[in-house]
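Please open the model in your viewer and keep the selection panel at hand, since this tour moves from one selection to the next.

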Amino acid sequence: MNQAFTRQPQVAIVTTIADVASSIDFFVRYHLSLGFKRLFIFLDVPCTQTQALLADYPQVTLILRDELLSQRWSDVASGEYRRLLPLSSLEVMARQELNMLLALGMARSEGLDWLLHIDSDELFYPHDLTLGAHFLDLERRGIGNVSYLNYEAQVEREGVEHPFQEVSLFKRNFFRNNIWVFNATQRELLQQHSWLPPQFFNFYQNGKSAVRLDKTVQTNGVHFFKSAKDVHFCLNRGPVILHFTCASVADVQQKYLRLGNFPDTWNGLPRTGKLISDFHIQARDAALLGGDLALARLFRERLLPPPGTDLAPLLDAGLFIRLPDIAARAKPREQFVQQTLPADTVIPRVMIALRQHMISTGCNEAEASNLLASCRDSLQLMLPVCARLYPGEQSIHLLTRCYQALLDAKRQRDPALDWLPDANWAASHSRVGGCLYIDRFAGNFQGLQRRVEYLSRVGINFLYLMPMFKRPPGANDGGFAISDYRETAPELGSIDEFRALLTHLRQHGIAVAVDFVLNHTADDHPWALRAAAGEAEFQEYYHFFDDEGTVREYLSKVIDTFPDQGHDITYNNDLGRWLWTTFNRFQWDLNYENPAVLAAMLDNLLFLSNLGIDAFRFDAIPHIWKRKGTPCKNQPECHLIVELFSHFLRQLAPHSHVISEAIVAPEQVKQFVHRDRASLAYRPLLSACLWQALSTADTRVMSHQLARWSALPAECNWLSYVNCHDDLHWTFSDPSLRELFPEQSLADFYQPLLAFYRNKGDVSFARGLPFQQYRISGSTASLAGLEKALEQHDVEGVERSVRRIVLLHAIVLAIGGLPMLYMGDELASLNDYSYRQDPELATDSRWVHRPYKDWALDEQRLSTVGSPASRVFHILRRLIAIRQQQPIFAGHQLRVLCTEHVPLFVALRETAQQRLLLIGNFTPDSARLSQQQLRLSGIGGQWQDLLLGCPCHLDQDLQLEPYGFRWLLSQSTAESSLTKRGSVHIPTHGDRSITFMPIT
């Protein structure tokens, strides 16, 4: 039998708590008892009690309504859903639908199969079926979109405190094809019981829906979903939704006093009418006119049966049903929550253990007291984080060990390491980054120390150093296979020489970032060697498997990271066991389900910080937590681990930054960015957009995607780049592409990009190499056409290539974020194919843009007046110098302006004092930006051209040369252009167009 029809489907719930529900604990326990695997709960009203109550459930993802959530709504709300954004501050139903959109993506990323939307005053009731049997039956029948009937709770008395446990009487649902369908007996009974409304239900006659998750699923209002499957209505004895709305006076009062004066319509439809009860409107008016007392009176008159009413005939006729087993279905809380001790018990225990540790390591009482005083507030923050990762005593042991490591590191820290003025240094306009391999750039640590003057000459004051730690000989993934986090590669120099290099860089005002490879170690790391030798303690540091069946269960949902190399779990012949090796067989994935791994890795992180490293790029964050039945990427625990590492790092070095390296779709990238987690983030979307626009001379994709995906939380920033040490990955938002090009398949979008940069058959100017199936390797200059032009002695081609290279860097330097220059790009370095001669490197095409720097040859190229290297170098130096003089380039705020002329990319950056207009022409022809188009965006008058150093009048059309760009500066006026927020349009294929609001 097909495995898809035998495996139990994984089902999740999404709900929005519009009223802070005292019964939410029962809601969670009941549905977990049925077999739901994940609950996405959006807390619409702040409530610390609810947050604390839900924090103990590892099966619950709690999302607060805050600025970050509003930003995530904006990210997912494309096309027709944009209309919900302005309503979100006023209408809970708009927020519910936006939350459903978010939950669809979250559920997909966790590898779940189905998503059910219900409200927090509802329960899913499967009658005699089990949850797994019901959804398995749907899949066997080819049903992927199901709608359930609503059973409305009938309150029998006034003093109900816990509706889920106390109410057992429900009105059955006879609503079919937009009419109520009753038999003759039922109609007669309804006429006799005048307290029952003509619409039978006081509230909504329709129930909620569940959908089989795939990439096409969207919402269809607040109750339903849209998918490729037709909606199936679950009737007869199928599961139903039990609706407990307004089951007590307190519920009615709380709900309608909070809702306030809502309109009579929603989405253009009346909230009352022939088929819909007027109770909702009556309750609103009662709340506005008479408050608590009027609502209590309405509850008694409209919702309670008259005293002495005999309900037996209604039950016998099937109008009502009694379900007495609801409370019994919910298992005790203890079976689901992680066993955590209260803070007032845990914190004193940890503090006592820390004091004993400090005294035992030679610390006097006064010093110990000062250090411990700094830990108490921190402990309050970290206790719930640890508790969600590790239950019970495990969290206490982990906290104790982590704070011991922190206090030891604080005592050892050199005050000179805290030289940066504040945590905003990475957002400064003066900060410009460079990235390099030490051995390939300068040979070793001492060689790099001698080349610091060159970096300063370019304008680099932030240096990202590729891995320099001890690595295996031969294949080592460019140093990302770490043999020891506390030893450097001998060929680069000793740890003391590395420390001297860091001191030298600091003296020259250069901040340093390095990789913290937290997903895996090399197979010759001491932990791996001890695991291979059979030590059980260290075998728990990795993911070992003894049977192939378990391996298949894990891999069933995993998308292989490098398909050309095989699966992410491989068989180790020497050990006779399977082992998780996401990237290479010689890189063993760490097992963070073991808290000892997290503690040991934190030790390493704090040690490296005390060397004088200012920022850490957390490598491969999405992979660090594995869960069977999911893609084993982007699991909630990934974010918690990053939050814990980041917190302890900043406790030691307050001005440090964590950089998120998540080369995934933009919807997912921003999940990793938060001031309490990774405050800096790689911006792969910008790089992909630049290269796509360059290949098509069309900026619509770039404008559309960057307009939607450029905002970040406060105190965070992008790391923006044209190219990097890694491959070029097409990390677009596919839903946004479908919106922009509705008539085009994704394959028709991506295949031309791959063909262009791989350049089979010499169809383009690019010289790129394939990496894996869908990615590209190559230097910036070679991808931009310089290699081909030089080979063919094409003078005009060289000119165009230089212009392309400069244009790309001009965009990155101005568009927002900390710009990162991959060293070699400043000299227009070409592909180096010599890697093919090295058997250890030959199969990895990324080495084509990781050449050894020939300083003598580069100096000759640089000194040759008019050479591509000389031209690119001096232009980039000038652009960097201009950026470092103008505060407008700080931060990441951005507003994309869209024009009818698709080769032009136009964006505005604005502060209270200045405005910067960025314009780029992505075509080999001249292009004109009309004054009329600028005026529609509130732009005109006199600006300053930062490159030419002269005025530029925007009351007339602006002409741009082929692959040209402009940086135009203006002083902000009292009436900022950002206050004139009209819609903008991007033309699409055919006659259609899309409309969206600019994002700042």
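A charge is said to sit over a ring if NZ of Lys or CZ of Arg is within 6 Å of the ring centre and within 35 degrees of the ring normal. With that in mind, and remembering that this is a predicted model, select Arg804 together with Phe765: the charged end of Arg804 sits over the ring of Phe765, at 3.7 Å from its centre. A second example is found by selecting Lys853 and Trp855, where the charged end of the lysine sits over the tryptophan ring, 4.5 Å from its centre.

Return to Phe765 and extend the selection to Trp691, Trp730, Phe732, Phe741, Phe749, Tyr750, Phe756 and Tyr757, which together with Phe765 form one aromatic cluster. Keep Trp730 and Phe732 highlighted and add Tyr592 and Trp967, for these four are the residues with the most contacts inside the largest nonpolar core, which has 200 residues. Helix H32 (residues 795–814) is the next selection, as it contributes the largest share of this core, 11 residues. Apart from that core lies another, of 68 residues, which can be located by selecting Val249, Leu295, Ala296 and Phe336, all among its members.

The last stop concerns aromatic pairs, of which the model has 52. Select Phe26 and Phe164, a tilted pair with 5.6 Å from centre to centre and 35° between the planes. The pair links distant parts of the chain, with Phe26 in helix H1 (residues 24–34) and Phe164 in helix H6 (residues 163–166), 138 residues apart. Are these two residues, Phe26 and Phe164, buried or exposed? Both Phe26 and Phe164 are buried.

Terms used. Residues are numbered from 1 along each chain as its sequence is written. This is a predicted model: local features need pLDDT of at least 70, side-chain atom pairs count only at pLDDT 80 or more; totals for chains, interfaces and linings use all residues. Side-chain values use heavy atoms; hydrogens and water are left out. Rings of Phe, Tyr and Trp (its six-membered ring) pair if their centres lie within 6.5 Å; planes under 30 degrees apart count as stacked, over 60 as edge-to-face and the rest as tilted. Helices (H or I, at least four residues) and strands (E, at least two) are DSSP runs, numbered from the N terminus. Buried means under 20% relative accessible area, exposed over 50%, partly exposed in between (1.4 Å probe, protein chains only). A nonpolar core is a set of buried Ala, Val, Leu, Ile, Met, Phe, Trp, Tyr and Cys residues joined through side-chain atoms within 4.5 Å.
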